[in-house]
Structures are given as C-alpha cells and as structure tokens.
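Work through these exercises with the model open in front of you. Try each task before you read its solution.

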Amino acid sequence: MKRALVTGANRGIGLEVVRQLLVREYEVFLTCRNPQKGEQVLDFLGDSTGQLHIIELDVSEEELVNKAARRFAERYDRLDVLVNNAGVLLDRSESILSVSEADLNETWNINVLGALRVTRAFLPVLRNSEDARVINVSSLAGQLSSMGVWAPAYSLSKTALNAVTCILANELSSDGIAVNAVSPGWIKTDMGGLDAPGTLEDGADTIVWLAEEAPSSLVGQFLRDRKSVPW
Ligand SMILES: NC(=O)c1ccc[n+]([C@@H]2O[C@H](COP(=O)([O-])OP(=O)(O)OC[C@H]3O[C@@H](n4cnc5c(N)ncnc54)[C@H](OP(=O)(O)O)[C@@H]3O)[C@@H](O)[C@H]2O)c1
C-alpha cells in the first residue's frame with residue numbers, strides 16, 4: 001500500500017486529494033494544524049478501501065514540523081507521496097504598496113517555508129521510497145510570465161514556491177525523488193470563493209495524477225491540467 005501525506009488537508013483541495021487517494025487504496029496521512037478539524041471531516045471521506053490517519057501538523061513552525069516528522073519516522077519507514085498543500089491568502093484586496101509586513105511574513109512563512117521545511121523534515125522517509133514524489137500546490141498567481149498586481153504577498157509566495165520546486169527538483173533528482181509544482185485552477189473552496197468555476201474534483205485532479213500516474217521522469221515542472229506551463 002502506497003503512503004501519502006497531505007498538509008492542510010482538513011478542508012478544500014487538500015481534503016479532496018485525501019479522499020481521492022483513499023479511493024485509490026493509499027494509506028493516507030491527513031495532516032492539519034487542528035486535529036479536531038480533521039476528525040470532523042470523516043463523513044466527507046465516507047467508506048473507502050484505503051487507510052486513514054489524522055496527524056497534527058502546523059507547517060508554520062520548524063520545531064512542530066520536525067516533531068511530527070520524528071513521530072512519523074518512529075512508526076513508518078517510508079513515505080511515497082508528499083503533497084505540500086497548506087496555504088493562506090491574506091491579501092486578496094491589497095496593493096504591493098500597502099500590504100503589511102505582517103501579512104508578507106506570515107504568507108511567506110506558511111506558503112514558502114512551510115513547504116520547504118516539511119519536505120526537509122520528511123526527506124529521510126521519502127528517500128526510503130522507490131518512487132517518491134513531492135507535489136507543491138502552487139498557483140498561476142505566482143507565474144512570472146503572467147504576473148499582475150493581484151494579492152502581492154500571495155503571488156510572490158507562489159513564485160518563490162515555484163523556485164523552491166526547481167531547486168529541490170535539481171537537488172533531489174539523483175535520489176529518485178520527483179518534485180513538481182501544480183496550479184490547481186480557480187477552485188470553489190474557502191480560499192477560492194463561491195464564484196470559482198472549478199470543483200474540488202477539478203482542483204485535485206493534477207495533484208492525484210502526479211501522485212499516481214505521471215511518469216517518475218517528470219520532474220521540475222509547473223503543471224496545470226496535467227500539462228507543463230511556463231513559470
Ligand atoms: N482555491 C483556489 O482557487 C486555489 C487556486 C490556486 C492555488 N490554490 C492553492 O491550493 C492550496 C489549497 O487551497 P484551498 O483552496 O483548498 O484553500 P482553503 O480551503 O483555504 O484551505 C487551506 C488549508 O490550508 C491549511 N493551513 C493554513 N495554514 C496552515 C498551517 N500553518 N499549517 C497547516 N495547515 C495550514 C488550512 O487549515 P485551517 O483550516 O486550520 O485554516 C486549510 O486546511 C493552497 O496552497 C492554495 O494556495 C488554491
């Protein structure tokens with residue numbers, strides 16, 4: 001049974017990724033900063049043939065992340081798929097000229113450093129997989145070739161997450177660990193809002209495809225709808 005860990009998975013796209021991986025008979029670690037919120041989603045997940053574990057994991061603090069990774073490694077020797085999905089959007093209606101340093105820092109800490117520190121902490125167990133995949137949930141808001149003025153803290157955090165993806169992909173390719181970034185599309189979630197055209201299934205599609213079906217030779221790419229797009 002393949003093992004996958006998803007961050008920020010108590011709602012939205014992360015929760016749907018968990019659901020789809022359970023249907024595909026994965027052993028899934030649904031991680032969230034408040035485990036009680038994780039318990040509340042069991043109905044959504046329904047019956048499935050996979051195995052579910054709920055783990056407390058706040059990606060914003062190095063010590064908490066390292067503790068969660070140590071606990072994981074005490075019980076499990078291997079992790080096959082890591083989905084760095086946790087993210088915040090704090091500055092939807094802000095300008096780069098006025099967005100607060102507090103919002104810039106918090107967004108950076110969760111969206112960029114969060115993904116990096118979780119990847120680093122879980123690297124020993126990822127290295128024990130024969131086909132490890134790290135999937136960073138990014139956004140077209142971070143695409144330099146189409147950069148506008150919307151949500152500057154969020155946008156630059158996703159550009160930086162894309163850079164983290166490239167550097168990790170280069171660093172880890174000799175270990176056989178495939179690292180890629182995904183834009184899930186504009187999806188109806190708490191973050192995406194009610195006007196978003198995409199369903200949860202749409203948002204999870206490329207992430208689950210990368211986890212399960214994409215060739216392991218696919219590395220260091222920014223993907224949307226299962227296809228590479230410009231950075
Ligand atoms: N929805 C879209 O249209 C869209 C578009 C492009 C990219 N994305 C990306 O897709 C990912 C998921 O977005 P979503 O739409 O599903 O958002 P969402 O519904 O707002 O869910 C965000 C998740 O991240 C978690 N989170 C936030 N800070 C965290 C932390 N410090 N530690 C652990 N978990 C934390 C939240 O947990 P709490 O419940 O505890 O707050 C929640 O589970 C994000 O990376 C987002 O940037 C979304």
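**Exercise 1. The ligand shell**

Task: Find how many residues surround the ligand, and which are the closest.

Solution. This is a predicted model, so keep that in mind throughout.
- Step 1: The ligand is surrounded by 30 residues.
- Step 2: The closest are Gly8, Gly12, Gly87, Thr189 and Gly192.
- Step 3: Sort the shell by type. Twelve of its residues are nonpolar, 13 are polar and five are charged.
- Step 4: Look for the element that gives the most to this shell. That is α1, with three residues.

**Exercise 2. Helix α1**

Task: Work out why α1 is described as largely enclosed by the rest of the structure.

Solution.
- Step 1: Locate the helix. α1 covers residues 12–23, twelve residues in total.
- Step 2: Check its span. From first C-alpha to last, α1 reaches 17 Å, close to the 16 Å expected at 1.5 Å a residue.
- Step 3: List the buried residues, those with 20 or more other C-beta atoms within 10 Å. In α1 they are Gly12, Ile13, Gly14, Leu15, Glu16, Val17, Val18, Arg19, Gln20, Leu21 and Leu22.
- Step 4: Conclude. Eleven of the twelve residues are buried, so α1 is largely enclosed by the rest of the structure.

**Exercise 3. Two positive phi angles**

Task: Which values of phi do Glu25 and Asp225 take, and where do these residues lie?

Solution.
- Step 1: Recall the background. Most residues other than glycine have a negative phi.
- Step 2: Take Glu25. Its phi is near 70°, a positive value in a residue other than glycine.
- Step 3: Place Glu25. This residue comes just after α1, in the loop between α1 and β2 (27–32).
- Step 4: Judge its exposure. Glu25 has 13 other C-beta atoms within 10 Å, so it is partly exposed.
- Step 5: Repeat for Asp225. Its phi is positive and near 50°.
- Step 6: Place Asp225. The residue sits in the loop between β7 (222–224) and β8 (227–228). With 13 C-beta neighbours inside 10 Å, Asp225 counts as partly exposed.

**Exercise 4. The two sides of α4**

Task: Which residues of α4 are buried, and which are exposed on the other side?

Solution.
- Step 1: Size up the helix. α4 (residues 62–75) has 14 residues and reaches 20 Å between its end C-alpha atoms, close to the 20 Å expected at 1.5 Å a residue.
- Step 2: Pick out the buried residues of α4. They are Val65, Ala68, Ala69 and Phe72.
- Step 3: Ask how they are arranged. They cover an arc of only 95° around the axis, which puts them on the same side of α4.
- Step 4: Turn to the other side. There, Glu63, Arg70 and Glu74 are exposed.
- Step 5: Test Glu74. It has 7 C-beta neighbours inside 10 Å, so Glu74 counts as exposed.
- Step 6: Find the cover. What covers the buried residues of α4 includes β3 (51–56) and α5 (101–127).

**Exercise 5. Pro152 and Val41**

Task: Is Pro152 buried or exposed, and what does Val41 contact?

Solution.
- Step 1: Place Pro152. It is found in helix α6 (residues 152–172).
- Step 2: Count neighbours. Pro152 has 21 C-beta neighbours inside 10 Å, so it counts as buried.
- Step 3: List its contacts, leaving out residues up to four places away in sequence. Pro152 touches Asp91, Glu94, Ile96 and Val99.
- Step 4: Compare sequence and space. Pro152 and Cys166 are 14 residues apart in sequence and 21 Å apart in space, C-alpha to C-alpha.
- Step 5: Move to Val41. This residue is in the loop between α2 (35–39) and α3 (42–45). Its count is 18 other C-beta atoms within 10 Å, so Val41 is partly exposed.
- Step 6: Leave aside neighbours within four places in sequence. Val41 is then in contact with Asn10 and Leu15.

**Exercise 6. The whole chain**

Task: Decide whether the radius of gyration of the protein chain agrees or disagrees with that of a compact globule.

Solution.
- Step 1: Take stock. The protein chain has seven helices and eight strands.
- Step 2: Note the extent. Its C-alpha trace spans about 50 × 40 × 35 Å along the principal axes.
- Step 3: Compare. With 231 residues, a compact globule would have a radius of gyration near 17 Å; the protein chain has 16 Å, which agrees.
- Step 4: Add burial. Buried residues make up 45% of the 231 residues.

Key: Residues numbered from 1 in each chain as written. Predicted model: local features only at pLDDT ≥ 70, side-chain atom pairs only at ≥ 80, totals over all residues. Helix = DSSP H or I, 4+ residues; strand = E, 2+ residues; numbered from the N terminus. Expected span 1.5 Å × (residues − 1). Arc of directions from axis to C-beta. Contact = placed C-beta atoms within 7 Å. Near = placed C-beta within 6 Å. Nonpolar A, V, L, I, M, F, W, Y, C, P; charged D, E, K, R; others polar. Rg over C-alpha atoms; globule rule 2.2 N^0.38 Å.
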